[in-house]
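Reader: I am new to this structure and should be grateful for a close look at one part of it. Please take the smaller details in turn and set them in the context of the whole chain.

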Amino acid sequence: MIPTNSENHHQNAIEENKKHFNKDMVKLYDRHSIELSGAHYILTKLLLGFDPVNFHPKLDHSNDKDSESLGDRNLPVFGYSNKDFYVPDYENPKNSNLLFNPNKSFNVLDFACGTGLVSQLMVQNIGKNSKYVGIDISDDALELFNEKCKHLSESGYNIQSYNLDIVSENFDSSLVRENDFDVVLCTLGYHHFHDLDKVTHRLSTFLKKDGWLIIIDIHSKDLDSYKIEDFNKPKIEKQTSGSVQHIGGLPYNQIKNSFNLSGNLKNYKIYLSDSFWTYMHSGFMANHSPKHILEMLKNDLLESIKFDGSINYLIPQDYIVAAAQKV
Ligand SMILES: C[S@@+](CC[C@H](N)C(=O)[O-])C[C@H]1O[C@@H](n2cnc3c(N)ncnc32)[C@H](O)[C@@H]1O
C-alpha cells in the first residue's frame, strides 16, 4: 500500500526524533535536567499534585498568574530536588482528592518516557504494586531509562520499557494492552509528534474506563503570531532537525480539539502551571520559547550561564497541563 501524506510526515517525524535523541543528546538532556534546570522535578510536582476534583483557581487557564516565578535562584536546581517541594503533603486535607497516592496502586503508561527522569520519581511515589510502562522510539533514551530504573526493578517495582510506535499497524498489542491503564501520561513529548489528534486518540485506547490521560508540555499563546526568521541570528540558534514538530509549544485550543476529536474522552481539565525559573539551553530557545522570551533574548535581557560548554538562559517558564478522562 502507498503511504498517505500524513503517514509520511509521521514516519519522518519519528526518524528525525530518533536521530535527534541519540546517545550524546540523551546524555546531555539528562545531565541538563539533573544538574541545571530541574525540569523533571517540576513535571513530577505537577503530576503528583494533579487533583481531578478541585483546582487552585490561579492555575486555571483563564486567570492571571502570580507575578513571582517559583524557585530559589540561589539553590542548585532552584531547590526543586527537595522532596518537600515536589511530593505533596498527603496529611494535608487539601490534598485528599489528589489522583496519585503512595497507598494506591496504578497501571501507568508513560508515553515518550525518554530517559526516565520523570518515570523514576513517579514510580517511587505511587503504591509498590503498581505497573509502570515506558514507551519511546529512541533506543538511546531507553538505555538510560533502563539504567536508571534497574535498582528500582531489583527492589520490587514493576517497571517495563518498550521501543514502540503506537500508531503503527505493526504495534505489538501483547506488550502493551488496550483498556489496561489507570493513567496514561506524556511529559514534554507532544511538541515532538506530528499528528496530535491521532496520538491522543491512540493513547486514550490504552486507558481503562474513567482512567486519566495527562499531558504536560511547553506552551505558547502566541504561536500563530511569530516567525523564527523575525529574530536576529546568531543569538538564536535555530534547531535544524525536524524533531520539534510544534515550534514554541502547544496552544490551548489544539489540545482541546484533539480531546474533542478522540471521541472517547470527557471531563477536560486544561490549565497553565505556575511560572517557574529554569535554564534553557541556547540550542532549544528558538524552537521552544514564546515570543516575549525571544524578544528578551534579542534585547540582551536574559541572564545566562555556561554549562557543559554551552550557553543556557535563565527564563521564567510555564507548562500547559491538559487532562481528560476516558468515557
Ligand atoms: C523532550 S523528550 C521528553 C522525555 C520525558 N518524557 C521527559 O519528560 O523527560 C521527548 C521524547 O519523545 C520521544 N518521542 C518523540 N516522538 C515519539 C513518538 N512518536 N513515539 C514515542 N516517543 C517519541 C523522544 O524520543 C524523546 O525521548
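The request and the reply that follow concern one sheet and its surroundings.

Reader: In which order do the three strands of the open sheet lie, and which helix packs on that sheet? Please also explain how this part stands beside the rest of the chain.

Author: The model is a predicted one, and the account below should be read with that in mind. The chain has 327 residues, of which 40% are buried, and it contains 10 helices and 10 strands. Among contacts between residues at least 6 apart in sequence, 82% join residues at least 24 apart.

The sheet in question is open and consists of three strands in the order 7-9-8, with antiparallel pairing. Strand 7 (276-281) and strand 8 (304-307) are at its edges; each has a single partner strand, so one side of each is without a neighbour in the sheet. On average, and with direction ignored, neighbouring strands here are turned by 40 degrees against each other. In general, the strands of a sheet pair through backbone hydrogen bonds, which may be of the parallel or the antiparallel kind.

Strand 8 and strand 9 (residues 310-317) run antiparallel and are joined by four bridges. At one point of this pairing, F307 stands opposite S310 in strand 9. Helix 2 (residues 23-37) packs on the sheet and touches strand 7, strand 8 and strand 9. The direction of helix 2 makes about 140 degrees with that of strand 7.

The turn between the two paired strands deserves separate attention. Strand 8 and strand 9 form a hairpin with two residues between the strands. D308 lies in the loop that links strand 8 and strand 9, and its phi is near 55 degrees, a positive value in a residue other than glycine. D308 has 12 other C-beta atoms within 10 Å and is therefore exposed, since 12 or fewer is the limit for that class.

A positive phi is also found at D210, where the angle is near 70 degrees and the residue is again other than glycine. D210, however, lies in strand 5 (residues 207-218). D210 is exposed, with 12 other C-beta atoms within 10 Å.

Strand 5 belongs to another open sheet, in which seven strands follow the order 3-2-1-4-5-10-6 with mixed pairing. The edge strands of this sheet are strand 3 (158-163) and strand 6 (265-272), each of which pairs on one side only. Neighbouring strands in the seven-strand sheet are turned by 15 degrees against each other on average, direction ignored. At one end of the order, strand 2 and strand 3 run parallel and are joined by six bridges; in strand 3, Y162 is the bridge partner of I135.

Helices accompany this sheet as well. Helix 6 (residues 139-154) lies across strand 2 and strand 3, and runs at about 170 degrees to strand 3. Helix 8 (residues 252-262) packs on the sheet and touches strand 5, strand 6 and strand 10 (319-326); the direction of helix 8 makes about 170 degrees with that of strand 6. Helix 8 includes N253, which counts as exposed because it has 10 C-beta neighbours inside 10 Å. N253 and I270 are 17 residues apart in sequence, and their C-alpha atoms are 9.7 Å apart in space.

The interior may be described next. In soluble globular proteins, nonpolar side chains tend to be buried together. The largest nonpolar core of this model has 68 residues, and those with the most contacts inside it are L47, V184, L213 and I214. Leaving aside residues up to four places away in sequence, L213 touches V184, L203, S204, L207, L265, A323 and A324. Another core lies apart from the largest one and has 10 residues, among them Y279, M280, A286 and L297.

Finally, the ligand is surrounded by 20 residues, the closest being N17, A112, G114, S138 and T187. By class, this shell has 12 nonpolar, seven polar and one charged residues. Helix 1 (5-20), helix 3 (39-48), helix 5 (117-123) and strand 2 (131-136) each supply at least two residues of the shell.

Conventions: Residues numbered from 1 in each chain as written. Predicted model: local features only at pLDDT ≥ 70, side-chain atom pairs only at ≥ 80, totals over all residues. Near = placed C-beta within 6 Å. Nonpolar A, V, L, I, M, F, W, Y, C, P; charged D, E, K, R; others polar. Pairing = 2+ DSSP bridges. Axes fitted to C-alpha atoms, helices over the stretch in contact; angles between N-to-C directions. Contact = placed C-beta atoms within 7 Å. Core = buried A, V, L, I, M, F, W, Y, C linked by C-beta atoms within 7 Å. Buried ≥ 20, exposed ≤ 12 C-beta atoms within 10 Å, placed from the backbone.
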